[in-house]
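Work through the two exercises below with the sequence and the model open side by side, and try each task before reading its solution.

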Amino acid sequence: MWIDDVEVGLLRIGEESVVPVPSGPHRVQLRWAPMWVSLKMARNSETLHIQVQPGEVIRFGSEVIPGPWAVKILMRRLGDPPMPAPSGARTAEARVLEVTQLRHTEELLGEDVRLIDNRTSPAPVTRSLKASREWTRTLTLGESYAQTLGGHVGANLLWLSAKGSIEAELQRTLSLAIGSTHLFEEEIGVTVPERTAVRIVLGWKRIWQCGEARVLLPDGSVHIVPYRVVVSVTFDQKIQDVTSLPDG
């Protein structure tokens, strides 16, 4: 058994081996040869590319299949659903195996400006302002990269044809109504001193939840698909003293 091109253990039929690895990306491969044959002439399985989370245990199963001309070694990640049977459907169906939420990011949307001019008054004044903005829950997918190597000839076309299916699966997995419209509202209280003018600047931001989905495509390849979905909007508030400006 090899991990990251380093031999980490010897497996025998019916045995199970446990190999601790640090979290992060790894490559797993099996190499087999009869006892009387040098490992330089061993048969190799395909290489599985995995992403190990802290505390995660990933199990694999393997099988050696003899053939008339060569021996084939099969290895698959246990817990993954079997490869779907080929169908004549025009759109490739994908299955989301796992979703990992990573971080939140912010996207600037622009500014709203309000002016409160109290320069002619000898007393302070308090104003209540309402900050409101509509936003739509939007889902976008990034470029995928194969986790299980193999089937590269049609990988790009298959990925493109499966994007709609992946979006629908992610929507169900995340329990979010993609495309729904929401209204953000918040009351702001501002007190302006006497003989003063202030400008209220609301800097609006869209909040994205970023993550990765492990997706099984119909050809049996597993892809890591970055995604991000809008979860809310918010704003930063600045109050600027514009008393000295001619037009307030």
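**Exercise 1: the surroundings of a histidine**

The side chain of His26 makes a polar contact (a pair of N or O atoms within 3.5 Å, one able to donate a hydrogen and the other to accept it, where residues adjacent in sequence count only if both atoms are side-chain atoms) with the side chain of Asp4, at 2.7 Å. The model is a predicted one, in which local features need pLDDT of at least 70, side-chain atom pairs count only at pLDDT 80 or more, and totals for chains, interfaces and linings use all residues. Residues are numbered from 1 along each chain as its sequence is written, and side-chain values use heavy atoms, with hydrogens and water left out.

Task: determine where His26 is placed, and whether it is buried or exposed.

Solution. Begin with the strand: His26 belongs to S3, residues 24-29 (strands being DSSP runs of E, at least two residues, numbered from the N terminus). Next, His26 has a relative accessible area of 9% and is therefore buried (under 20%, against over 50% for exposed and in between for partly exposed, with a 1.4 Å probe and protein chains only). Finally, a polar atom of the His26 side chain lies 2.6 Å from the backbone oxygen of Pro22.

**Exercise 2: a nonpolar core**

Task: find which strand gives the largest share of the largest nonpolar core.

Solution. This core (buried Ala, Val, Leu, Ile, Met, Phe, Trp, Tyr and Cys residues joined through side-chain atoms within 4.5 Å) has 17 residues. Strands S10, S13, S14 and S15 each give two or more residues to it, and S14 gives the largest share, five residues.

Technical notes
Helices (H or I, at least four residues) and strands (E, at least two) are DSSP runs, numbered from the N terminus.
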